[in-house]
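Please read the following report alongside the sequence and the model. It moves from loops to strands and then to the surface.

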Amino acid sequence: MTLRCVLVVLALAGATFAGPEVTELKVDVVSVPEGCTVKSKHGDMLTMHYTGTLDDGHKFDSSYDRDQPFTFQIGVGQVIKGWDQGLLDMCVGEKRKLTIPSSLGYGERGAGNVIPPHATLHFDVELINIGDSPPTTNVFKEIDSDKDNMLSREEVSIDLAFRAMDSDGDNELSREEVSDYLKKQMVPADGAEMSEDIKQMLESHDKLVEEIFQHEDKDKNGFISHEEFSGPKHDEL
């Protein structure tokens with residue numbers, strides 16, 4: 001009936017591994033294609049492939065593993081500051097290594113149980129596209145989360161739930177959209193009496209929304225993309 005079964009609070013991990021403290025952003029250019037005439041600037045829509053690791057080499061995220069690059073607008077706070085600063089003046093096809101101090105990453109709070117507090121982040125990045133708007137989405141590929149070229153009932157159910165929440169049709173969920181959707185699911189139709197469970201959920205509504213974002217907002221940009229969204233599944237709403 002709710003997202004609670006799927007979208008749980010992730011406990012913060014322990015302290016970061018010992019090592020030299022990184023205090024400034026480090027950008028290493030790995031390769032640059034010949035004939036680069038257009039470079040990334042504030043306000044551009046960038047499409048990137050990336051792999052993120054911690055100091056101990058643990059990989060916490062990779063667009064390569066999902067076979068889907070990540071698109072965002074640079075310089076407007078949609079991503080961590082280390083990306084907003086470290087991906088400027090970049091050519092399509094260029095590859096870089098970013099070493100990002102925690103002050104330009106996820107700081108003292110970290111991110112769920114994936115990135116611990118005060119963590120230095122390492123990214124191998126490749127710029128795929130620079131544009132004024134995101135590239136056209138392949139809807140079938142977007143829904144086909146397990147990449148088997150077939151759509152299961154579960155995959156279609158997840159997509160339909162996402163579309164129902166995405167009231168402005170921008171292909172990402174804001175806190176307001178998730179909040180409004182949850183309230184509609186919780187309030188009984190036709191003036192029916194609320195159960196005690198529903199009343200308790202409404203009282204802790206804001207906390208539930210934050211729990212959902214803590215788990216689902218993988219890149220911590222304040223929105224849940226279709227790619228990040230993992231529920232609800234079947235009859236949990």
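In this predicted model, aspartate 89 sits in the loop that connects helix H2 (81-86) with strand S5 (95-100), and although aspartate 89 is not a glycine, its phi is positive, at about 55 degrees. A positive phi in a residue other than glycine is also found at aspartate 67, where the angle is near 55 degrees; this aspartate 67 belongs to the loop between helix H1 (63-66) and strand S4 (70-73). Aspartate 67 has a relative accessibility of 46%, and because partly exposed covers values between 20% and 50%, it is placed in that class.

The strand that follows the loop of aspartate 89 is S5, and S5 has pairings with S1 and with S6, as set out in the table.

| Strand pair | Direction | Bridges | Residues standing opposite |
|---|---|---|---|
| S1 and S5 | antiparallel | five | lysine 26 and threonine 99 |
| S5 and S6 (residues 121-131) | antiparallel | six | arginine 96 and valine 125 |

Strand S1 spans residues 26-31 and includes valine 29. How exposed is valine 29? Its relative accessible area is 47%, so valine 29 counts as partly exposed, a class that ends at 50%. Together with Val27 and Val32, Val29 makes a nonpolar surface patch of about 220 Å². Valine 29 can be a member of such a patch because its 47% lies over the 30% relative accessible area that patch residues need.

Methods: Residues numbered from 1 in each chain as written. Predicted model: local features only at pLDDT ≥ 70, side-chain atom pairs only at ≥ 80, totals over all residues. Heavy atoms only, no water. Helix = DSSP H or I, 4+ residues; strand = E, 2+ residues; numbered from the N terminus. Buried < 20%, exposed > 50% of the residue type's maximum accessible area, 1.4 Å probe, protein only. Patch = residues over 30% accessible without salt bridge, like charges linked within 9 Å, V, L, I, M, F, W, Y side chains within 5 Å. Areas by Shrake-Rupley, 256 points an atom, 1.4 Å probe, with all protein chains shown as cover. Salt bridge = Lys/Arg side-chain N within 4 Å of Asp/Glu carboxyl O. Pairing = 2+ DSSP bridges.
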